[in-house]
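I opened a new page for this structure. These are my notes on what I looked up.

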Amino acid sequence: MTPKYLFVLLALLALACNKTLDTEPQAAIADETAIVDKKSAQAALIGVYDGLQGYASTSLIALDLAGDNVVNYNNQNVVVATKTAANTSAGFIPIYTTINRANFVINKVPVLDDPFFTTEQKNQVLGEAYFLRGLAYFDLVKTYGGVQIILDPTKYIGVKRSTKEGTYAQVLSDLDKAESLLKETLNRNLANRFSVYALKARFYLYTEQWEQAALYAGKTISSTTNFSLVKPYSAFFTGKNTTESIFELAFSPSDKNTFYTNWLSAAEGGRRDYIPARQFINELLDPAAGGSRKSLIKQLTDGSWELIQYGKQDGSSSIFILRIAEQYLIRAEALLKKPTPDLAGAIADLNAIRSRSDVTGFVRLPETTAGEVLLAIEKERRYELAFEGHRFIDVVRTGRAGAVFGALNPQLKDSRFWIFPIPQNAVLDDPDNLGGTHQNPGY
Amino acid sequence: MIRINQPDYLKRLAVTIWLLCLLATAFAQHPNITIAGKVLDADTKEPLVSATVRLRNTTHQVLTDEQGGFQFLTGQEFPATAQISYIGYEPQEVIIKGSAPVIVLLKAANSKLSELTVVGYTRTKSNARTGAITTVAASDFSRVNSTSVVEKLQGQVPGLMIASNSGVPGTSVLVRLRGATSITAGNDPLYVVDGVFINTGNMQNLGRGLGGQVPNPLSDLNPEDIASVSVLKDANATAIYGARGANGVILITTKRGAKNSRSKVSFNAQYGLAQSTNLWELVTGPEHAAIVNAASTNDGVPANLLPFRPKGQAVSGFPAYGTPEEQPTYDRLKDVFRTAVSQKYGVAVTGGDAKTNFYLGGDYEYTQSTLKLQDFKRYSLRVNLDHTVSNALKIGTSNSLSYVPRRLVRVGDGPAGLFQAALHTPVFYPLYNPDGSYYKVGVFDNVYAILNNSDTYSYSLRSLNSIYAQLALLPGLTFKSTLSSDYANYHEKAYYNTFLVYGQPAGEANDVTTTKETLIAEQLLNYNKSFGSQNDLSVFLGNTAQFTSQESAALTGTGFPSDQFKRITSAAVQTASSSGSQSRLISFFTGANYLFHNKYSLDANIRADASSRFGRDHRWGYFPSVGAGWTISREDFFPKNATVTDLKIKSSYGLTGNQNIDDFASRGLWNGGKNYLEQPGTAPNQPANPDLRWETTRQFNIGIAGSLFHDRLSFEADYYSKYTSDLLLPASIPVISGYGSIVSNVGAMSNKGVELLINSTNVESKNFSWKSTFTISHNVNRVEKLPDPITDGSYGMYRIVQGYPIYSLYLFNELGVDPATGNVIDEDVSGPKGVPDGKITNDDKKIVGNIWPKFEGTLRNTFTYKGFDLNVNIFYKYGNKVFNYTRYFLEAGGTRGVTRSIQKSALNYWKQPGDEGVLPRPTSLPNPDGSSNYNGNTSRFLEDASYIRLRDVTIGYTLPSRLLSKYRISNVNIYATASNLFTISKYSGPDPEANNSGETNSIVQGLDFNTTPQPKTFAVGLRLTL
């Protein structure tokens, strides 16, 4: 070999370079190839549910710590947590991760050209994605007030916060689309038209559209073959996909819900970060208040109590996004608050919940006012939906947070603290739109 | 045997010479005379092949043959003057008086500056080089008992900072050359073993982790096989490694046989013991109870609800642990440390004839950690072979195969760690329940449960191979083609039975295999030409193509029928996952070095690298460098004297790169595994950044080197300034994008420093010698540009901020304790309005220090007296800080109640007004100004970890050879060595070198959290050569 051939060889190598350098990832796929047909679209939709799995318990626990049902194990005397931008996060970031995933599905599926992907199937995929996006914005707005609305996965620079009303309008728009695209097919783990009804009922309750709230709650309550209150109370969380569930976020040993580690004692493989508040335990144990809902908690050998609603040690405990008991309580509240209060109807719904948990029914006396029933409903929601992230929002949305929580933490006497701060790390990443005056006032 | 024809050019050369001779004869009108002889090394008497022989005043020359012989006809007449030169030797003139063959003895160039150096791709005279390169020969390695060669270099190379992260053998070592140039793209130097770019990344993937402990892949190489290590520091030396040179290059050369040498068989054996001393001192049970009660009292807990009160007074929610006086004390720590044994045995055979030389080496090492449940074993084999096929063709190969089984345990950082169980569990809790089962405290494992049930192992299989063929094309021009591979397989197995936290509820097993393969093809042309004896040209041109791939497969099983079943096949739930990635790098490089009049040298190199990791339009990076050197001592004006024998100044400037990021960092990516209802799901996880490009470091270096007093004292000093721009960072994007970050080129960082190396021969006599080596280096790192500060995710104390060094700590600055109230006084730095507000909030944190030493180095003294030798190596480091996170937990003033143990020093707390020099009043409540007396993020735990350590001291005795010769033994050396015999430091933890962040590229460094201290080791050994 002489040098001349060597240079030829080097030159050939150089030509081969650019091709050699085109490597393709194996453990991941490139953006362009992610959603191209029916199968990949369905996989991307599954990814949206996975996103919901990723934020559901984070959001839930932050809301419950903000209320008076749950405390940190290491700080049990603080019943209602003080919220700061640096220390409080209620799933803000993972909710947007879920929205991003849903946006990809919503933007790409309609334009897919796959002959095996029928319009009906596309509608199903899109409807579920709209539902999940609507739920995500709902979870944001109830926690943070108006937020930035992202509908296109590529447009996220320089987006301003919407108002609370604007964000609720987006939730409704998504739920309307979901309602029109989905069918009344029962699947407790996936979104369908029933789950849209139930979420809309909650939406109208929160936005104080009482007639609509009662109407939509009635849609699932009246579907008695599909949905009914289970007895005993504990059956809905010890079992799986009972008739109690309208939308139950499922987990399994290979797709674990690690929420149990936050609740269970070390002996049971947990870390016990959280514990029901001492005062609240007493109420749950009270036969006239908690009734059979005392089965949510279990006493340990040292005398302390732990929550077992999420206690399946193989990680298969579900998170209950929507269940029928809430619909009864939504309707009860809506019936009382509509211009012509229906006390009898409301008390019937309330007592359906009470009797299921072996608690004496609310007795209507001639002098009973709607206000008294509303207070009973507030209490009932506290016990019935104790560890499902409702308590804080329920007290806030009725304007009673100052009275109820203010006594436990003076921060809550100021209504500016009835919504959460935008988390510090989100502010740091987008200071122009979330920092300064764009942060929630007071934080 | 393959028969190779004599290359054409030799024939042509012969014809030319013959013609020239003919011509010469014709013109000179002199009878032809024959000049013949042999050129040998003056010391070894080995023949020197290809030495140049020419006659003065003529133009023709010949090269010596395999036996060092030469012969030619010339028209000159006797006496003729022959000039003989050979690279690396002093040129010599010989007057030849007759045709009888002469023996020419060439002396190796005894001036250190004209030694021949083969460094990486280049082959130049030492005084021609302009880069900053430090070479450490095996004989100069520190004798410290370590599993890899890296620890043995600590302090030996100025500018190379080396710190063992823990005292566990075979774990990672923090190596930083001339500071840190990157935030996330890696700061480890590039390691090249016999020309093979090796993987040194962490391959640990065990699901449950080991609590900050990471294996060191360099422990796969047997240090006994290594002949020398060259550390390339400045841009001129490293630019030729282009995209990977920014963090410096460490060239490891393994031993090879010498040609025409007797076969030598050498054995070595070493037996050692190690012990960890200066461990943590904990309080007794009653002391624990007292301080916890004191804290509770200060917190306003009424006396009837204090944690330590008579057991009978238990109330729901307020357990009673008994009175302080009745608390027992259990020492768990004593049972987790042991006197560790280490054994090393090695055998090596070297030799060679005229054509072939070889090295065979093998070793077995077994080193226990002083922390129980961990040990390191290595079985290694090396074969290096070179063969001269013909004058033109040389082939060779380097191979090493090693198998490293390790026993491991999760040390800490997380509830299931051994240190949590042994050190952090409060002393008053019993060890066992009354029924004999393990007593478990809170989230921690029981220490005896771990000791009896820990079952974690890893197995590293490593094969490094390369073959080359080197062809002499023309005189001075060689072509070398090398194919090499690095195959690393790391297999981890762990089983957690039901006695362990991770084994809940019914056992868990993990089995992970990770493999990394690198294949490299390299072509290299080298041209060396001397113009006279004073001028040398050296040129090289080459190309490499590198393919790297990584695969990993992880299996997990949970739900075992009983603790007897350990394999995943028996598990009720079995999950598996596998993953893989690959990258490619194509490079072209060239360089030239010219040495003029043996005084001036000029160097220029350039490398072009193309990496698949970057955006399509940004794949190619170009890394040029230039350097110049001037040997002043060779100037005529330089006074010839015995004081300054050699003096040279040199300077260089150039660019290097860093591409150590994820293989597909520039692409928009979706991941699978986002499942729901057992249906496969996908989701976007990384936004695309098509503009992603190299991190580039430009470096200026100026140095002076010389030797004084007839080479009795030599020194080398360098100043450098490095500036790295386009730092590869996960830059923040609005979280509403759904992505956490986007890998971008953001920010800049600089390093400036000075280095000094002094070697001196203090005494040199027939029976006694005393030599010293002293090194010192100083580096200042600074983050020059960074739009948003970066805070570490795990601890929140480390923050990278523009204007401060990387590895800085962001804490409350504690000014002291108020003697009147016992409350801590934190500096009021700022407030919501940007000015001090009298409140201590997160606004009052600031950068209070960093982990970088102001300077560090070593002082090594070697004494020999007749057969005895004594080697004393002192390592020092000044101005560095360590965050003592262990102390933060153990010195919490009783505020951690019954959940964590307490160390003795916590007892010295404020008790009454006027107390000074004490820890604050124990309380978990915030003070009126918002400060907390026992907050973790305070400068209280950032300690000065300067230290001086007797790193190793070795005494050896070489038996007189006259005693051995009749047994056909050529050399026997027996020695005793001790490492870390004493350490002088103000640091309050067991070891100022502790660093829990085993991950060498993490932004968390200098964190002491449950770190096994470096043990004191004592060893005796024997080296025997047949």
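The entries below go from confidence to chains, contact, sheet and single residues.

**Entry: confidence**

I started with how far to trust the coordinates. This is a predicted model. The predictor gives the complex an ipTM of 0.91 and a pTM of 0.79. For chain B I noted a mean pLDDT of 88, with 95% of its residues at 70 or more. Then I looked for weak stretches. In residues 1–7 of chain B the pLDDT is below 50, and this stretch has six contacts in the model beyond near neighbours in sequence. Residues 13–29 of chain B also have a pLDDT below 50, with 14 contacts beyond near neighbours in sequence. Where pLDDT is low, the predicted coordinates should not be read in detail. I left both stretches there.

**Entry: chain A**

I turned to chain A and listed its secondary structure. I found 17 helices and seven strands. Its radius of gyration is 25 Å, and the globule rule gives 22 Å for 443 residues; the two are close, so chain A is as compact as a globular protein of that length. I took the spans along the principal axes too. The C-alpha trace of chain A covers about 110 × 50 × 45 Å. Of the 443 residues in chain A, 52% are buried. I also checked how its contacts reach along the sequence. Among contacts in chain A with a separation of 6 or more, 69% are between residues 24 or more positions apart.

I looked up the record next. An unreviewed UniProt entry annotates residues 308–443 of chain A as "domain: RagB/SusD". In the model, the end C-alpha atoms of that span lie 34 Å apart. The span is 47% helix and 4% strand.

**Entry: chain B**

I did the same for chain B. Its secondary structure comes to seven helices and 52 strands. A compact globule of 1026 residues would have a radius of gyration near 31 Å, and the 33 Å of chain B agrees with that. The C-alpha atoms fill a box of roughly 125 × 70 × 65 Å along the principal axes. I noted 49% of the 1026 residues of chain B as buried. Of the contacts in chain B between residues at least 6 apart in sequence, 68% join residues at least 24 apart.

**Entry: where the chains meet**

How many residues of chain A are in contact with chain B? I noted 60, set against 57 residues of chain B. I then asked which elements of chain A supply that side. Helices H1 (3–20), H2 (38–66), H3 (92–108) and H16 (424–429) each give at least two residues, and so does strand S1 (28–30). The side of chain A that touches chain B divides into 33 nonpolar, 17 polar and 10 charged residues.

S1 of chain A deserved a second look. Three bridges join S1 to strand S30 (residues 669–671) of chain B, and the two run antiparallel. I picked out one pair: A:Ala30 has B:Leu669 in S30 as its bridge partner.

**Entry: a sheet in chain B**

I traced one open sheet of five strands in chain B. The order is S10-S15-S16-S13-S14, with mixed pairing. Why do S10 (133–137) and S14 (196–197) each have one side without a neighbour in the sheet? They stand at the edges and each has a single partner strand, so one side of each is left free of a neighbour. Further in, I followed S13 (residues 190–193) and S16 (residues 249–254). Four bridges join S13 and S16, which run parallel. B:Tyr191 has B:Ile250 in S16 as its bridge partner.

**Entry: cis bonds and positive phi**

I searched the backbone for cis peptide bonds. One joins A:Lys231 and A:Pro232, with omega about 0 degrees. A:Pro232 sits in the loop between helices H7 (210–221) and H8 (235–238) of chain A. Another cis bond runs from B:Gln504 to B:Pro505, with omega near -5 degrees. B:Pro505 is in the loop between strands S23 (477–496) and S24 (508–531) of chain B.

Then I looked at phi. B:Asp726 has a positive phi near 55 degrees, and it is not a glycine. B:Asp726 lies in the loop between strands S33 (713–725) and S34 (728–732) of chain B. B:Asn980 also has a phi near 55 degrees. Its loop is between strands S49 (971–979) and S50 (983–985) of chain B.

Buried or exposed? I counted C-beta neighbours inside 10 Å. B:Asp726 has 18, so it counts as partly exposed. B:Asn980 has 25, so it counts as buried.

How values were computed. Residues are numbered from 1 along each chain as its sequence is written. Chains are lettered from A and ligands numbered from 1 in the order in which they are written. This is a predicted model: local features need pLDDT of at least 70, side-chain atom pairs count only at pLDDT 80 or more; totals for chains, interfaces and linings use all residues. pLDDT is the predictor's confidence in each residue, from 0 to 100. Two residues are in contact if their C-beta atoms, placed from the backbone, lie within 7 Å. UniProt positions are given in the numbering used here, feature names are shortened, and annotations may be inferred rather than shown by experiment. Ala, Val, Leu, Ile, Met, Phe, Trp, Tyr, Cys and Pro count as nonpolar, Asp, Glu, Lys and Arg as charged, and the others, Gly among them, as polar. Two strands pair if DSSP finds at least two bridges between them. The radius of gyration is taken over C-alpha atoms; the globule rule is 2.2 Å times the number of residues to the power 0.38. A residue is buried if 20 or more other C-beta atoms lie within 10 Å of its own, exposed if 12 or fewer, and partly exposed in between; C-beta atoms are placed from the backbone.
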